[in-house]
Amino acid sequence: MSPEKTRTSLLIKGGHLIDPVARIDAPMDVLLKDGRVAEVAAPNKIKGGADEKFDARGLVVAPGFIDLHVHLREPGQVHKETIATGTAAAAAGGFTSVCTMPNTVPVVDSVEWVEWLRQPERGAVVNVFAIAAATRASKGATLTDFRALQTAGAIAVTDDGKPILDDSIMREALVLGGELNFPVVQHAEDTRMTENCCMHAGARSFRLGLRGMTAAAEASVVERDVQLAMHIPNARLHVAHLSTGDALKSVRRGRRAKARVTCEVTPHHFTLTDEDMRDYDSNYKMNPPLRSKSDLEAILAALADGTVDAIATDHAPHAAHEKEMEFERAAFGITGLETALGLAITRLHREKHIPLARIVELFTAGPARCFDFRGRGSLVRGSIADVTIFDPKKKWTFEAAKSRSKSKNTPFDGWSLTGKVVATIVGGRIVHSA
Amino acid sequence: MNPARGSLLGIEHMEAAEILKLLKFARRMNPDHARPLLKGKRVMLLFYEASTRTRSSFEIAAKSLGAHTVLIQAMGSSIEKGESLLDTGYTVRAVGADIIVIRHPNAGAPYVMAQHIDVPVINAGDGLHEHPSQALLDAYTILRNKKTFKGLQVTIVGDIFHSRVARSACHLLSKFDVKIILCGPPELVPEIATTLAPGVRVTRHIEDALRGTDVIMLLRVQSERLAGMKIDLPEYIARYQMTPARLKMAKKDAIVMHPGPIIRGLELTSEIADGVQARILEEVHNGVPTRMAILARAMGKMR
């Protein structure tokens, strides 16, 4: 759904345009008109006036960022987040489109709930795309009505929060998804191996006396899913929040066999390891957990070499009382919308020298390809006027207390980051400016 | 918030000198002739999990020093009604607690408490993580029997994975360069245990573990924590039970320790439990002066 279409025009002048689809990484002016990209041209070459001008000197102009994985907590858990507060945080983080997960109360497993999410009363300030449940109530037993959900506007299906564990149900989901060209998103975790576990299984979990989730619990499900996808015509498998080196191997094997396998990685998995948690701080507790150093190295390599399609935040807000407790009992998940770009530029670009153009791709064209976002992920003429403008050199300090999200559960409170969103434009209208 | 001065959350981050100081101070503690170092103080014993030895010895230790004690158990308190850990902490603080002693089934619970409550928090055992007062009383017992840590070899046999006693013991002994050998089946003694502290070695063979050792610490197989793990008990007994024949492999003057509760016929035979080399009851006895020292330290009275 897109917020009200604007009838005005906006000229973004003097910026450095990075549009991986159009293969542009150069100074360009961009004219937005009637909610679309009207013209992209060399500096000062766009003739005629515009109702508004945006001075983008020294800034990067990019297609609007797309987050494939957020938990907006509606319906049912408004004490954690609402669509209004979650999308305000998204706008502040430069995201013009977010995909909201169905593990709400109740689970979004019907056409009615998918439509409810898209109603203007929800107060979304960026585009919200629904990912619907793959099985009824995400219980893993009976597939939902993929065709009806897709027609109602759902962009993919998942049982996120839980895996689709049963072999035959996963096979059926991939078969049906293949017929409809509908991605099946897997939360890859063999929950039979992770009961009562709350962090990565390794030296650190042993030392802390916490039961650990093995890397194999993720990798074995990804391997099975890739094997299935390789043998089902047109099946589309998307691996959510991939966190282990072994799972990447399976993804690569699937790609080589021409299977349609895509994957996303979160900022916290390319930034932190299991060694970083201190004093049982549950702001370091999420699922999948922070992994080992070698997993992090593998993820960094895969972000650079193209194996990873998208950076997705897995923004998972929780109220303070659901986090400030015994580590083993605290809720899984951290917020992430407002720190994603800063972490990407700080860790991936400045420290690991991944080109900015590749980072932009991971936020735009990459995710757009995963779920077929039409008219998004690029600023070629005629595209939807979703634009993210950021300052790649700006140093700033993230303060959780000032977050737009209703929840403050983040391990990045007080972190110094480089790279900050300056303006977020949705459908030609500025919805956030710093 | 940083933990209040005097808190005892674990052995891992404690300095060797501080440990020695505490053990030395413990030798001066006598429950029958104690100075009232904690006169008028309130010690809250917050027990979320069953305990006999630890609870009673903390209680006796506190009372010997002149403190009042209040025991709060999960059963029969607001904890049962769903009160959160921190709310219970704030409540006992508001009542006037000067020290909180906490036993909890979740690793790290005392850390969470200590970060929010401004009185010393003493970890009386947290999940699989640490049991610092047990490690200190065991160190006290070892020193009483062996005089020094120098050149010692300590063998720990049994369920290391589920043992907070073993984790704390490894951290403590390692700080004094003691050779530590962990022995048991892979399910209970994973290879990763060697990363716990310098000087820790793992073996599957009891003969290898016992040869020339000075101290044998036995652990109970914690069936309540196994969480689906299948342990073949007859096999365990055949391979790892401490018997008089096996004890002969150790040094002649080796001592046998056990944090209790012991299960006769499982990890040890009655001949071992009641034998001359056993120090199991001495450990319990030493728990009182050690915990007196811990409580006095919490109130800044360790001088």
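**Exercise 1. Find the order of the strands in the four-stranded open sheet of chain A, and say which strands sit at its edges.**

Solution. Start with the order: the four strands of this open sheet in chain A run E5-E4-E1-E6, with mixed pairing. Keep in mind that you're working with a predicted model. Next, look for strands that pair on one side only: these edge strands are E5 (36-41) and E6 (52-55) of chain A. Going from one strand to the next, the twist averages 20 degrees. Now zoom in on one pair. E1 (residues 9-13) and E4 (residues 29-33) of chain A run antiparallel and are joined by four bridges. To check this on screen, pick Ser9(A) and look across to Lys33(A) in E4(A), which stands opposite.

**Exercise 2. Work out how many residues of strand E8 of chain A are buried, and in which sense E8(A) pairs with E9(A).**

Solution. Take burial to begin with. A residue counts as buried if 20 or more other C-beta atoms lie within 10 Å of its own. In E8 (residues 65-70) of chain A, six of the six residues are buried, so by that cut-off the strand is mostly covered. Then turn to the pairing: E8(A) and E9 (residues 95-100) of chain A are parallel, with four bridges between them. One partnership to look for is Val70(A) with Thr100(A) in E9(A).

**Exercise 3. Describe how domain 1 and domain 2 of chain A touch.**

Solution. Get the bounds straight: domain 1 of chain A covers 9-60 + 384-433, and domain 2 covers 64-370. Their centres, taken over C-alpha atoms, are 25 Å apart. The contact draws 29 residues from domain 1 and 42 residues from domain 2 of chain A. On the domain 1 side, the elements giving two or more residues are strands E18 (387-397), E19 (416-426) and E20 (429-433) of chain A. E19(A) gives the most, with seven residues. Sort the domain 1 side by class and you get 14 nonpolar, 10 polar and five charged residues.

**Exercise 4. Asn196(A) and His353(A) both have a positive phi without being glycine. Are they buried or exposed?**

Solution. Asn196(A), with a phi of about 65 degrees, is in the loop between strands E12 (184-186) and E13 (199-200) of chain A. Count its neighbours: 10 other C-beta atoms lie within 10 Å. The limit for exposed is 12 or fewer, so Asn196(A) is exposed. Do likewise for His353(A), where phi is near 60 degrees. His353(A) is in the loop between helices H11 (340-351) and H12 (356-363) of chain A. With 8 C-beta neighbours inside 10 Å, His353(A) is exposed too.

**Exercise 5. Compare the span of helix H2 of chain B with the expected one, then find what its buried residues pack against.**

Solution. H2 (residues 53-64) of chain B has 12 residues. From first C-alpha to last, H2(B) reaches 16 Å, close to the 16 Å expected at 1.5 Å a residue. Now list the buried ones: Thr54(B), Arg55(B), Ser57(B), Phe58(B), Ala61(B), Ala62(B) and Ser64(B). Their packing partners in chain B include strand E1 (42-47), strand E2 (68-73) and helix H5 (132-146). Finally, step just past H2(B): Gly66(B) takes a positive phi of about 90 degrees.

Conventions: Residues numbered from 1 in each chain as written. Chains lettered and ligands numbered in written order. Predicted model: local features only at pLDDT ≥ 70, side-chain atom pairs only at ≥ 80, totals over all residues. Expected span 1.5 Å × (residues − 1). Contact = placed C-beta atoms within 7 Å. Domains from an automatic or database assignment. Nonpolar A, V, L, I, M, F, W, Y, C, P; charged D, E, K, R; others polar. Pairing = 2+ DSSP bridges. Axes fitted to C-alpha atoms, helices over the stretch in contact; angles between N-to-C directions.
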